[in-house]
Amino acid sequence: MPSATPPQPTAPEPAPPAAVTVIAWSPGEDVVEVQRTPAPGPARATWRTFRETTRGLLTTFGRFRETPVTIQYPEEKTPVYPRFRGRHKLHRFEDTHLEKCVGCSLCAAACPADCIRVVAAENTPEHRVSAGERYAAVYEINLSRCIFCGYCEIACPFDAITMGHDYELSDYDRSDLIFTKEMLLAEPLERTPLRNEGE
C-alpha cells in the first residue's frame with residue numbers, strides 16, 4: 001500500500017490592507033499665498049512667445065548694419081582695461097632693491113587652483129634678500145593651472161605680487177609655463193595697450 005504524502009505547509013493568507021486615512025494639510029489661517037505672476041494661460045503664453053521673439057529680432061536688426069571689425073593681430077593688439085589681470089610680477093623696493101616677498105605663503109594659501117609654490121628661507125646679516133626675517137627661496141607659478149582670479153595679489157600683505165596687462169602667455173610645452181622667481185622678478189615687456197578713458 002503506497003505511503004501517504006505528508007501535507008505541504010501552506011503560506012499564510014496575507015492580511016487585508018489597513019484602511020489609510022488621507023488628511024489634506026492646511027497651512028493655517030495666518031499663511032498668505034502670494035502669487036508673483038499672473039495665472040498662466042494660452043493667451044499669455046502666446047503673447048510671451050511673440051514678445052520675446054520680437055525682442056530678439058529687434059536686437060538682430062539693430063546690429064544688422066554694423067560692419068565687421070578686424071584687428072590685424074599681432075601687429076595690432078586689443079586694448080585691455082586698467083584692471084585687467086594678466087601676467088604676474090614680483091616686486092622689489094625701489095630704494096633698497098630688496099624683495100618685497102617675505103615667503104609668508106599667504107598667496108599660495110589663497111590660490112583656489114593651487115598653482116603657487118613658495119619655499120621660504122631665513123635671511124642672514126651676510127645674505128639679506130628681503131626686508132623681513134624670511135624670504136622666498138623658491139617662488140613658482142604654474143600658469144597652465146592659473147585661473148587669473150587675482151586672489152594672490154589680494155592676499156599679499158606687502159603688495160609683493162601683482163598682475164599686469166600682458167596676455168600673450170601661450171607656449172608649446174607645459175614646463176615652459178612654470179614661471180620661476182627670476183622670471184617673475186624680471187621686468188615684463190609692455191606689449192599690451194591700455195584702453196583710454198571713455199572707451
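Where in the chain does His97 lie? You'll find His97 in the loop between E1 and helix H2 (106-110). Keep in mind that this is a predicted model. Let's start with the whole chain and then come back to that loop.

**The overall picture**

The chain has four helices and five strands. Reading from the N terminus, the elements go α-β-α-β-β-α-β-β-α. Of its 199 residues, 22% count as buried. The accessible surface adds up to about 16200 Å², and carbon and sulfur atoms own 57% of that. What about contacts between parts of the chain? Take the contacts between residues at least 6 apart in sequence: 71% of these join residues at least 24 apart.

**The sheet**

Three of the strands make an open sheet, lined up as E2-E3-E5, with antiparallel pairing. Strand E2 (116-122) and strand E5 (178-179) sit at the edges with a single partner strand each, so one side of each has no neighbour in the sheet. Strand E3 covers residues 134-142, and its antiparallel pairing with E5 runs over two bridges. If you want a spot to look at, try Asn142, which stands opposite Ile178 in E5.

**Odd spots in the backbone**

Most residues other than glycine have a negative phi, and most peptide bonds are trans. A few places in this chain go the other way.

One is the peptide bond between Tyr73 and Pro74, which is cis, with omega at about 10 degrees. Pro74 belongs to the loop between helix H1 (42-62) and strand E1 (88-90).

Now back to His97. Its phi is near 60 degrees, a positive value in a residue other than glycine. Is His97 buried or exposed? His97 is exposed, because its relative accessible area is 53%, and the cut-off for exposed is over 50%.

Ser105 also has a positive phi, near 65 degrees, and isn't a glycine either. Ser105 lies in the loop between E1 and H2. With 26% relative accessibility, Ser105 counts as partly exposed.

**Aromatic rings and a nonpolar patch**

A pair of aromatic rings is described by the distance of the centres and the angle of the planes. The structure holds three aromatic pairs. One of them is Trp47 with Phe50, a tilted pair with 6.1 Å from centre to centre and 40 degrees between the planes. These two residues are three apart in helix H1, so about one helical turn separates Trp47 from Phe50. Another pair is Phe61 with Phe64: the ring centres are 6.4 Å apart and the planes are at 75 degrees, so this pair is edge-to-face.

Phe61 and Phe64 turn up again in a nonpolar patch on the surface, together with Leu57. The patch has about 380 Å² of accessible area in total. Leu57 is placed in helix H1.

How open to the outside are these residues? Here are their values:

| Residue | Relative accessibility | Class |
|---|---|---|
| Trp47 | 48% | partly exposed |
| Phe50 | 53% | exposed |
| Leu57 | 43% | partly exposed |
| Phe61 | 55% | exposed |
| Phe64 | 65% | exposed |

Trp47, at 48%, counts as partly exposed, because a residue has to be over 50% to be called exposed. Phe50, at 53%, does count as exposed.

How values were computed
Residues are numbered from 1 along each chain as its sequence is written. This is a predicted model: local features need pLDDT of at least 70, side-chain atom pairs count only at pLDDT 80 or more; totals for chains, interfaces and linings use all residues. Side-chain values use heavy atoms; hydrogens and water are left out. Two strands pair if DSSP finds at least two bridges between them. Buried means under 20% relative accessible area, exposed over 50%, partly exposed in between (1.4 Å probe, protein chains only). Patches are made of residues with over 30% relative accessible area and no salt bridge: like charges are joined within 9 Å, nonpolar side chains (Val, Leu, Ile, Met, Phe, Trp, Tyr) within 5 Å. Accessible areas come from the Shrake-Rupley method with a 1.4 Å probe; for residues, only the protein chains shown count as cover. A salt bridge is a side-chain nitrogen of Lys or Arg within 4 Å of a carboxyl oxygen of Asp or Glu. Contact means heavy atoms within 4.5 Å. Rings of Phe, Tyr and Trp (its six-membered ring) pair if their centres lie within 6.5 Å; planes under 30 degrees apart count as stacked, over 60 as edge-to-face and the rest as tilted.
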